[in-house]
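Please read the following points beside the structure shown below. They are intended as a short guide for a first reading.

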Amino acid sequence: MIRIVLADDHPVVREGIRGMLQAYDDIEVVGQASSGPEAVSLVAALAPDLVLMDLRMPGGDGVAATRVITERHPSTRVVVLTTYETDQDILRAIEAGAAGYLLKDIAPAELARSVRAAAGGETVLATSAATALLGRVQGRQAAPELSPQEVRVLRLAADGRTNAAIGAVLFIGEATVKTYLSRAYEKLGVSDRTSAVRRALELGLLDDPAE
């Protein structure tokens with residue numbers, strides 16, 4: 001029997017999901033939560049096999065709750081079940097430790113299959129989530145190598161600083177700043193500052209503030 005906690009701030013949605021799952025003899029909904037913190041408490045009390053976690057809840061979001069659950073209760077798997085499918089939402093959830101990312105328009109039979117797969121240790125992803133993660137991986141693999149100083153210049157540019165202000169922070173001349181920017185443009189395949197910053201962020205080149 002796969003024991004599940006449902007976390008969603010809409011009671012009607014929780015009841016709908018419970019109704020979908022109760023048709024399967026090997027799946028049991030043992031608890032329902034209306035917020036992230038409540039889900040964390042239920043997991044501690046009930047030790048379920050799986051949590052189906054909504055992403056955005058006014059009482060506490062699903063990403064934070066996913067992170068806490070996966071850290072404190074590693075035997076409980078968390079699968080996000082949401083209406084949101086932006087790349088940022090998907091990446092935040094997976095980075096928090098979610099074992100899957102599904103959308104609420106999923107068919108009942110597919111939801112049951114995904115629950116079984118996730119409880120068995122597999123990762124389950126909606127098509128949009130898989131595409132976003134693949135794009136992230138491919139982007140990182142294809143990312144050009146920027147020098148440490150080029151990264152510093154782009155980080156400051158991302159903060160909206162002018163070339164003169166960037167030079168003042170890094171103790172270099174404005175002409176030198178322009179040189180670093182030009183080199184970054186060439187490596188990133190862009191022609192202006194805004195595009196360079198956007199591309200570097202997409203590729204994860206500005207993620208590490210210790211760089």
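1. In this predicted model, Tyr-101 is classed as buried because its relative accessibility is 0%, and the class requires a value under 20%. The residue belongs to strand β5, which covers residues 100-103.

2. The side chain of Tyr-101 has a polar atom placed 2.6 Å from the backbone oxygen of Tyr-84. As for a residue further along the chain, Ala-175 is 74 residues from Tyr-101, and the C-alpha atoms of the two are separated by 47 Å.

3. Tyr-84 also takes part in a second arrangement: Arg-56 lies over the face of the Tyr-84 ring, at 3.7 Å from the ring centre. Aromatic pairs, by contrast, are absent, since a search of the whole structure finds zero of them.

4. How many cavities of 30 Å³ or more does a search of the whole structure find? The search finds one. The largest cavity holds about 50 Å³ of space. Its lining includes Leu-6, Ala-7, Asp-8, Asp-54 and Lys-104. Two or more lining residues come from each of the elements β1 (2-7), α1 (11-21) and β3 (50-53).

5. The UniProt record, an unreviewed entry, places the feature "domain: Response regulatory" at residues 3-119. In the model, this span is 46% helix and 22% strand. The C-alpha atoms at the ends of residues 3-119 lie 9 Å apart.

Notes. Residues are numbered from 1 along each chain as its sequence is written. This is a predicted model: local features need pLDDT of at least 70, side-chain atom pairs count only at pLDDT 80 or more; totals for chains, interfaces and linings use all residues. Side-chain values use heavy atoms; hydrogens and water are left out. UniProt positions are given in the numbering used here, feature names are shortened, and annotations may be inferred rather than shown by experiment. Helices (H or I, at least four residues) and strands (E, at least two) are DSSP runs, numbered from the N terminus. Rings of Phe, Tyr and Trp (its six-membered ring) pair if their centres lie within 6.5 Å; planes under 30 degrees apart count as stacked, over 60 as edge-to-face and the rest as tilted. A charge sits over a ring if NZ of Lys or CZ of Arg is within 6 Å of the ring centre and within 35 degrees of the ring normal. Buried means under 20% relative accessible area, exposed over 50%, partly exposed in between (1.4 Å probe, protein chains only). A polar contact is a pair of N or O atoms within 3.5 Å; within protein, one must be able to donate a hydrogen and the other to accept it, and residues adjacent in sequence count only if both atoms are side-chain atoms. On a 1 Å grid over the protein atoms alone, a cavity is a set of points where a 1.4 Å probe fits but cannot get out, and a pocket is an open set with protein on both sides within 12 Å along at least five of seven lines; lining residues have an atom within 4 Å of a point. Grid points are joined across faces, edges and corners, and a volume is the space filled by probe spheres set on the points.
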